[in-house]
Protein chains: 2
Amino acid sequence: MTDRTDVLIYDTTLRDGTQGEKINFSAEEKVRIAQRLDEMGFHYIEGGWPGSNPKDMRFFELGKHIPFKNARLTAFGSTRRPNIKVENCANIQTLLAAETPAVTIFGKSWDLHVTDILTIPLEENLAMIHESIAYLKANGKEVIYDAEHFFDGYKKNRFYALQTIETAWKAGADFIVLCDTNGGTIPHELTVIVEYVRSFLPDAPLGIHVHNDGDLAVANSIAAVSAGATMVQGTINGYGERCGNADLIPIIANLQLKMNRWCLPDNSIRQLTNLSYYISDVANIPPQNSRPFVGRSAFTHKGGVHVSAILKNPAAYEHIRPELVGNEQRVLVSDLSGKSNIEYKARELGIDLGTEDAISTLIVQKIKIMEDEGYQFDAADGSLSLLIKKITGEFKEPFVLECFHVINAKTKNNPSLSQATIKIVVGNEEELTAAEGNGPVNALDNALRKALVKFYPQISEVHLVDFKVRTLEGADGTAAKVRVLLDSKDNEDVWSTIGVSTNVIEASWHALVDSIQYKLCKDKINKHHVGE
Amino acid sequence: MTDRTDVLIYDTTLRDGTQGEKINFSAEEKVRIAQRLDEMGFHYIEGGWPGSNPKDMRFFELGKHIPFKNARLTAFGSTRRPNIKVENCANIQTLLAAETPAVTIFGKSWDLHVTDILTIPLEENLAMIHESIAYLKANGKEVIYDAEHFFDGYKKNRFYALQTIETAWKAGADFIVLCDTNGGTIPHELTVIVEYVRSFLPDAPLGIHVHNDGDLAVANSIAAVSAGATMVQGTINGYGERCGNADLIPIIANLQLKMNRWCLPDNSIRQLTNLSYYISDVANIPPQNSRPFVGRSAFTHKGGVHVSAILKNPAAYEHIRPELVGNEQRVLVSDLSGKSNIEYKARELGIDLGTEDAISTLIVQKIKIMEDEGYQFDAADGSLSLLIKKITGEFKEPFVLECFHVINAKTKNNPSLSQATIKIVVGNEEELTAAEGNGPVNALDNALRKALVKFYPQISEVHLVDFKVRTLEGADGTAAKVRVLLDSKDNEDVWSTIGVSTNVIEASWHALVDSIQYKLCKDKINKHHVGE
């Protein structure tokens, strides 16, 4: 059952997704995303346009060493340039040099683009399509042909648009992908056109690639599948140029959970929420709460009528069970749900809250106050565990801060210099020290470690693996609150800590201290350290 | 032509929209929104649920004095409570007390809700529907009947669902509105059901009210119109519970501009972009750039291929002319873009690059190097314009930095204190000053302004409206690079600037300086300032 695949999922987050405003991935980030999609069973991953920029070229170099388990990596490019031989076309040669099993090339379907933009005869465009595909096939590639602007072309000059895809099919393309490049097609028009193509090229596997300019990309994608397409191209979270590409997450969820068209293994469907957050984290685009299926508000109930109804029967106001896509029900203004979460969390962290209800209530209250200030404990397990231990009395401070000073100095156009001094107390001993860094937070981090390491040598095992700063909602400019998230690791574990303040150094300090305290707590050393 | 109306637009931003997380309007804000919608020719405005809270009650008090030109105001509520007489139902009486020309009541269509949630016999629900509508009609109201959960009800027990709306129609309802309350219906299912209802109640005017849980609300709304509905309910920007209500903006634009179904006067369609910003302003929800039709990115082009094409013919990559909905074309510059983007941008910024190709090439090279270091010019118009002016020689430094020091001090558990000193030179004059702030960047910002304002008083017009910090490639912990993005505004414009460094203060400094320089450049003051 889980092996069944009705629709092939083709992800272009790494290529078309990066056309979106403010979306940028490094080659290394692209590798991590590709591996994640591969693990989840995505069928095709379009890695980039190797001919267009050095970063994509580098990704394909790295890509040669990724052991894909499920996905086929594909390199994207255009048909050969006009009026040259295909073997002399640098773009086509770069596609081969990417050494991917599959190659995706796009060609023009709309006569306007051929005559007015490329300014070449309509016949030359057909030759470009034919020769490019035939050449790539002769070089052993699986070839996916993206018929750019197919729907607009069909509406303006149906005969020519059909001629272009017939040419591609006869040249040996493995898939004919119909693109709504401008994103303005209405579902009922699209359905009629896909059905026509289905009968026009009855043996060609069809794909669909649409944009969201009419807010109809998900509807158009599933309409195309109903009309016979067996491949859907899109991006995670719908990232992409203008209003974005079709969002693969609701497409997969609708197809598999509502329309009984299988795309991914069951287990992968349950990771869709995680995947959405993961990609928005890497892209550093705040996740959209109202995102269908996977948003934080997607199964959140506010109105009293709705809340009492879902307590009787969740189906009353939920279109699917949230856990099917890895999401969860939330009820706003409810201490009950809060407490059971805390008890669940404490159990998970191995903390015994006892049978007393009062402690859970206290923790819930504290968390609510702090979340109101901008803390976000679902992203900071380490800080949450410390908070619970502080309230239950299981935690003892491993050190006390006397004071710190961080100085950042800049002269003319030289880079800034950052230094920090710090004075801490451990037991009866004081330690005063100083350190430099390549920024004020790094200097403070270095000074804190330098001061502590003689008391707690195991601190040298702690490495900071990620440091994220985000400004919180607010029109206060440089006076706005920031949230700092820190990922730390030692030889065994990874943990996340958090700090919130209008002052980035202060926020970082809290996250740093939590990270060190978590480490010491974890090693149970703070109970036996020198001087106590 | 502009008097023609095929589809009545029913706005429920003020009622269902406020069920959305973080959406709250005061009664006065509701009045302003209602007036704006009325001016644009919306047909119905649902003002609130007077029975549910005092704020809505107050709105209807105020509403009695609004001289509506086009819209009919409607009050929302449920059918009478079970097992009481309609004239004794407080909820129904509050609806009358709201003194609106129209009243909207919702009733249950899904047998599950009747038997499991309300726990009453199916017949009693029919009686509640009949008596409530008949009573409101007898009191002279136009009655809009919202058949809650109609599609889910139809799928589970078609006979009963149809019986409920037949009851409503026979009781005298003026509109039968089919609701996809849980938002999970697929367009092709919905089409079949609406068509069936159309033939079942051939004389009843039908409406549609859907939610966006499957990312299909816009598609479902226009599908319902194709299947015979003549009223569409929704909210501006799709605000609403969970994943939101159907967004009226793309619905109106698709119906009127693509499907030739008239909703609003031509002139109102051109105000849709403004309306979207206006509502997000009042709701204090940041506008979503990728929003179809009206978002800031909706007609924004990034890729070089696309840009060179739209310069030849905008239809090449735009589904409609942006000015039809009051939006505009934008071109971004990034490492994906070529020379044509730069030339477009320069023209837009009023910079003459001359006929020399060399300067565009130089700018593109510089941008590619800086983007490789982490700069991102598509998000920083202001910095880009300065960069171009620096390369073309049009820019003169309005001031020179001698040095700055930023000190951040913390003692025990007290909050950090931040102070900055700065020395700048303008012409032949030096200025040394100091300032505090609620964080190091804010202190530096304050010091810089304090130093400059005596030379450039117009700096006091500049306000920072957004400050974003993100860590780039975070594997280096606190030593990682950060990117700072700053949005500034004066009385006329908004501009964005950027800085990148491993040091957050240094990165912020660059973004701050660019912001100030942009302002001075824009006002053309830097050429004539004191001392030159």
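How far apart do the C-alpha centres of domain 1 of chain A and domain 2 of chain A lie? Keep that question in mind while you set up the view, and remember throughout that this is a predicted model.

**The domains of chain A**

Begin by selecting residues 8–264 of chain A, which the domain assignment calls domain 1, and then give another colour to 334–398 together with 456–532, which make up domain 2. The C-alpha centres of the two lie 45 Å apart. Next, select residues 7–273 of chain A, where UniProt, in an unreviewed entry, places the feature "domain: Pyruvate carboxyltransferase". Within this span 44% is helix and 17% is strand, and the C-alpha atoms at its two ends lie 20 Å apart.

**The barrel in chain B**

Now move to chain B and show its strands E1 to E8, which form a closed barrel of eight strands in the order E1-E2-E3-E4-E5-E6-E7-E8, paired in parallel. As you follow the sheet around, neighbouring strands are turned by 25 degrees against each other on average, if direction is ignored. To look at one pairing in detail, select strand E1 (residues 8–11) and strand E8 (residues 231–234) of chain B, which pair in the parallel sense over four bridges. One place to zoom in is Ile9(B), whose bridge partner in E8(B) is Val232(B).

**Where the two chains touch**

Show both chains together, and you can look for the 99 residues of chain B that are in contact with 97 residues of chain A. Strand E11 (residues 400–411) of chain B gives the most to the side of chain B that touches chain A, contributing 11 residues. By class, that side of chain B divides into 41 nonpolar, 35 polar and 23 charged residues. If you then select E11 of chain A (residues 400–411) as well, you will find that E11(A) and E11(B) pair across the chains in the antiparallel sense, over nine bridges. Among these positions, Lys410(A) has Phe404(B) in E11(B) as its bridge partner.

**The open sheet of chain A**

Return to chain A and select strands E14, E15 and E16, which form an open sheet of three strands in that order, with antiparallel pairing. Strand E14 (463–471) and strand E16 (494–501) stand at the edges with a single partner strand each, so one side of each is left without a neighbour in the sheet. From one strand to the next, the twist averages 15 degrees. Eight bridges join E14(A) to strand E15 (residues 482–489) of chain A, and if you zoom in on Asp466(A), its bridge partner in E15(A) is Asp487(A). Helix H18(A) packs on this sheet, where it touches E14, E15 and E16 of chain A, and its direction makes about 150 degrees with that of E16(A).

**Two helices that cross**

Which helix comes within 10 Å of helix H18 (residues 504–522) of chain A, axis to axis? Select helix H17 (residues 440–452) of chain A, whose axis crosses that of H18(A) at roughly 35 degrees, in a right-handed crossing. Display the side chains where they meet: on H17(A) these include Leu444(A), Asp445(A) and Leu448(A), and on H18(A) they include Ser508(A), Trp509(A) and Leu512(A). Taken by class, this contact has nine nonpolar, one polar and one charged residues.

How values were computed. Residues numbered from 1 in each chain as written. Chains lettered and ligands numbered in written order. Predicted model: local features only at pLDDT ≥ 70, side-chain atom pairs only at ≥ 80, totals over all residues. Axes fitted to C-alpha atoms, helices over the stretch in contact; angles between N-to-C directions. Left-handed = near helix turned anticlockwise from the far one by under 90°. Contact = placed C-beta atoms within 7 Å. Nonpolar A, V, L, I, M, F, W, Y, C, P; charged D, E, K, R; others polar. Domains from an automatic or database assignment. Pairing = 2+ DSSP bridges. UniProt positions renumbered as here; feature names shortened; annotations may be inferred.
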